[in-house]
There are 2 protein chains.
Amino acid sequence: MKNAVEVIQREQLKEKPTESLGFGQHFTDYMFVMDYSVDKGWHNAVIQPYQNIEISPSAQVLHYGQAVFEGMKAYRQGESIVLFRPEENFKRMNRSNARLNIPEVDGECLLEALKQLVALEKDWIPEGEGESLYIRPFVIATEPHLGVHAALEYKFMIILSPVGAYYGDEQLMPTRIYVEDEYVRAVRGGVGFAKAAGNYAASLAAQTRASELGYQQVLWLDGVEQRYIEEVGSMNIFFVIDGKVVTPELNGSILPGITRKSIIQLAEHLGYEVEERRISIEEVLDSEHISEIFGTGTAAVLSPVGFIKYKEREIKISGGQTGSITQHLYDQYTGIQAGTIPDPFGWRVEVPVTDKV
Amino acid sequence: MKNAVEVIQREQLKEKPTESLGFGQHFTDYMFVMDYSVDKGWHNAVIQPYQNIEISPSAQVLHYGQAVFEGMKAYRQGESIVLFRPEENFKRMNRSNARLNIPEVDGECLLEALKQLVALEKDWIPEGEGESLYIRPFVIATEPHLGVHAALEYKFMIILSPVGAYYGDEQLMPTRIYVEDEYVRAVRGGVGFAKAAGNYAASLAAQTRASELGYQQVLWLDGVEQRYIEEVGSMNIFFVIDGKVVTPELNGSILPGITRKSIIQLAEHLGYEVEERRISIEEVLDSEHISEIFGTGTAAVLSPVGFIKYKEREIKISGGQTGSITQHLYDQYTGIQAGTIPDPFGWRVEVPVTDKV
Ligand SMILES: Cc1ncc(COP(=O)(O)O)c(C=O)c1O
Ligand SMILES: Cc1ncc(COP(=O)(O)O)c(C=O)c1O
């Protein structure tokens, strides 16, 4: 696979969407697919037209949820296409895979294949402010067998979706979050640190409740004491406490976000003191020392938190506005992503674009 | 759907398996399928040839694990076909569905459709001692959209698999179980009580470790204190303590087994004292009062436990043999299932068989 992956051409390219892009609703012309079997390992790597796949009704993914995914973005900047720390996504996928007994993938080869796919689909990368091409690698257990065991057959795919700006008008908009005190997302010893499919299905009920109550996101507490802050929906969470940047330490139940890791590095680089430690919900509610709160994730990048609701109480953060440290980190981070600020970390990975792919 | 479901005929029936059946490896000629959309509700109910289905690469089940399943059995007894408490399975499916934001199904209509399907496939029900037709209803989120939200489209299916006797030689065989003290299956507030796909993927790593250490099944402890007994692999667990039949109380993280519920009723009916309460691992290891342990589940029915391993200790139960109360319950229970003992509970549900279906 070090060589270019074979491309099966489409007869006709699709119309590009003209309405607002949203998230994960439109898909490009091509996708990358490869199969796994015990005797062949990963094989049959191919770039082929994006289309429905055939799957057995007894494929294990449909019954036992043996599936893992990743999410990252490609940005178009003039003539260049840039990925952001993509090797981290393949590393994390392999940690998720290991937890769910899914065979390891070759991250280096897949990164080459991904570059080829993205280059082929370069016209699908939207160029508007805040727009990008969302990249979804995922792996599913396809063995047609109802026994509960690690499957012997898998399919790995990469699909691409042009997505809109998270904040329509480009201003950071503080969100309202709801602290869930009944439902639990994950517990140490479980699969919370993995991007395992089942984690997301398990989160829907809380998300629905939060929405009904007028909050955009759920803030999860730990599964053991239901007291320590874990993360928010599909973001990690940061607090500015006495000017320090503080985030919950990775404990096995929190998803180790790549944005989280990058923001920690960036904040240190910018001279902030950073702490990774346990933070209880009482500390958050009762602290006059907390001046800002923000979430981090591939989709929203940085998302300021304006209001937090826990049981009967609702507190307002930074007067419901975006705090100055949040704004500073956001500007620096998106500047590095956009190439308008030098990248001292080597996070940007250019995708070579040739006319013929 | 109160009327017979439309049947799309196959051109050719498959060969029935002649080798040993195993579990969930062979599938019959037909399956039941219906679709859900927000505007139509459940619709398109049809019995059609068992074959691969088409699914979008962005179908939510493949990414977010929004899927629920059930498992039950049909037995062939001379000219009649019998299901065992099938209405309980559809009720449990609806409890699972509710937890995962999947729309409710109509259990009564589905039971009629199931009877029609099983009658159509009656020649697939194996007649050997301990053999049966395993029935797998399941529902998957099919909406092609990568947003994390309750899907707007689903597919519900029932597939059928002839399965072999759990104990090859018909004798009950005590199993060796491994008490998992690191991995956690579920926690209160999570989805442990639901037959949610993701629970099973999350359990694979522990099952693999147990197998490598020479144990057949994992005994799960609670997710909060990792101290209280929850359940075993795909079985609930019972202890005979001072002659009483004791099982962990349902607490939100344990799967409420239909065999568990039935064994409780049967044991009471037979005059045993039954207790549902918390049982700690210390109580199990240090008790001279525990004379028998057995698991209960659709696949194995009743499975005596001979050995329990926890950290450095291994204890032997009933001298590694099947205890007398276990044997008594097993004989009575399988007798009711087989129709050789009267069924005072109305558990057996006959499937009307006509020549023309
Ligand atoms: C549960 C969860 N937490 C946090 C994150 C943020 O991770 P990242 O920064 O890698 O996008 C995500 C999204 O990927 C997530 O799904
Ligand atoms: C996790 C789990 N526990 C217990 C059981 C036993 O339930 P039942 O008796 O309904 O088969 C099952 C199997 O269905 C299961 O998957």
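Where is the place of Lys155(A) in chain A? Lys155(A) sits in strand E8, residues 153–163 of that chain; strands (E, at least two residues) and helices (H or I, at least four) are DSSP runs numbered from the N terminus. This is a predicted model, in which local features need pLDDT of at least 70, side-chain atom pairs count only at pLDDT 80 or more, and totals for chains, interfaces and linings use all residues. Residues are numbered from 1 along each chain as its sequence is written, chains are lettered from A and ligands numbered from 1 in the order in which they are written, and side-chain values use heavy atoms, leaving out hydrogens and water.

**How the two chains relate**

- Two copies of a chain are related by a rotation about an axis and a shift along it.
- Here, a turn of 180 degrees and a shift of 0.0 Å along the axis lay chain A on chain B with an RMSD of 0.0 Å. The two copies are thus related as by a two-fold rotation axis. The superposition is by least squares on the C-alpha atoms of residues with pLDDT of at least 70 in both copies.
- The copies meet through the same surface, because 100% of the interface residues of chain A are also interface residues in chain B.

**Core and cysteines**

- In soluble globular proteins, nonpolar side chains tend to be buried together.
- The largest nonpolar core has 46 residues, and Ile55(A), Leu62(A) and Leu62(B) touch the most other members. Such a core is a set of buried Ala, Val, Leu, Ile, Met, Phe, Trp, Tyr and Cys residues joined through side-chain atoms within 4.5 Å.
- Leu62(B) is in contact (heavy atoms within 4.5 Å) with residues of both chains, including Ile55(A), Leu62(A), Phe138(A) and Ile55(B), leaving aside neighbours within four places in sequence.
- Zero disulfides turn up over all chains. A disulfide would be a pair of cysteine sulfur atoms within 2.5 Å.
- Cys109(A) counts as buried at 12% relative accessibility. Buried means under 20% relative accessible area, exposed over 50%, and partly exposed in between, with a 1.4 Å probe and protein chains only.
- Cys109(B) is also buried, with a relative accessible area of 12%.

**Lys155(A)**

- Lys155(A) is buried because its relative accessible area is 17%.
- Asp35(A) is 120 residues away along the chain, yet the C-alpha atoms of the pair are separated by 4.6 Å.
- The side chains of Lys155(A) and Asp35(A) make a polar contact at 2.9 Å. A polar contact is a pair of N or O atoms within 3.5 Å; within protein, one must be able to donate a hydrogen and the other to accept it, and residues adjacent in sequence count only if both atoms are side-chain atoms.
- Leaving aside neighbours within four places in sequence, Lys155(A) also touches Trp42(A), Ile53(A) and Phe138(A), among others.

**Glu182(B) and His145(B)**

- Glu182(B) lies in the loop between strand E9 (175–179) and helix H4 (197–212) of chain B. Glu182(B) is partly exposed, at 43% relative accessible area.
- The side chain of Glu182(B) makes a polar contact of 3.0 Å with the side chain of Arg209(B). Beyond four places in sequence, Glu182(B) touches Gly189(A), Arg209(B) and Gln226(B).
- His145(B) is in the loop between strand E7 (132–141) and strand E8 (153–163) of chain B. His145(B) counts as buried at 12% relative accessibility.
- Among the contacts of His145(B) are Phe23(A), Gly24(A) and Gln25(A), as well as Tyr64(B).

**Ligand sites**

- Ligand 1 is surrounded by 16 residues, the closest being Lys195(A), Tyr200(A), Glu231(A), Thr259(A) and Thr298(A). A residue is near a molecule if one of its heavy atoms lies within 4 Å of it.
- A nitrogen atom of ligand 1 is 2.5 Å from an N or O atom in the side chain of Glu231(A).
- Oxygen atoms of ligand 1 pair with side-chain N or O atoms of Arg92(A) at 2.8 Å and of Thr259(A) at 2.5 Å.
- Ligand 2 has 16 residues around it, and Lys195(B), Tyr200(B), Glu231(B), Thr259(B) and Thr298(B) come nearest.
- Side-chain N or O atoms lie 2.8 Å from a ligand 2 oxygen in Arg92(B) and 2.5 Å in Thr259(B).
- Thr298(B) places a polar side-chain atom 2.6 Å from an oxygen atom of ligand 2.

**Positive phi in chain B**

- Asn44(B), not a glycine, has a positive phi of about 60 degrees. Asn44(B) is in strand E2, residues 41–49.
- Asp242(B) has a positive phi near 50 degrees. Asp242(B) counts as exposed at 54% relative accessibility.
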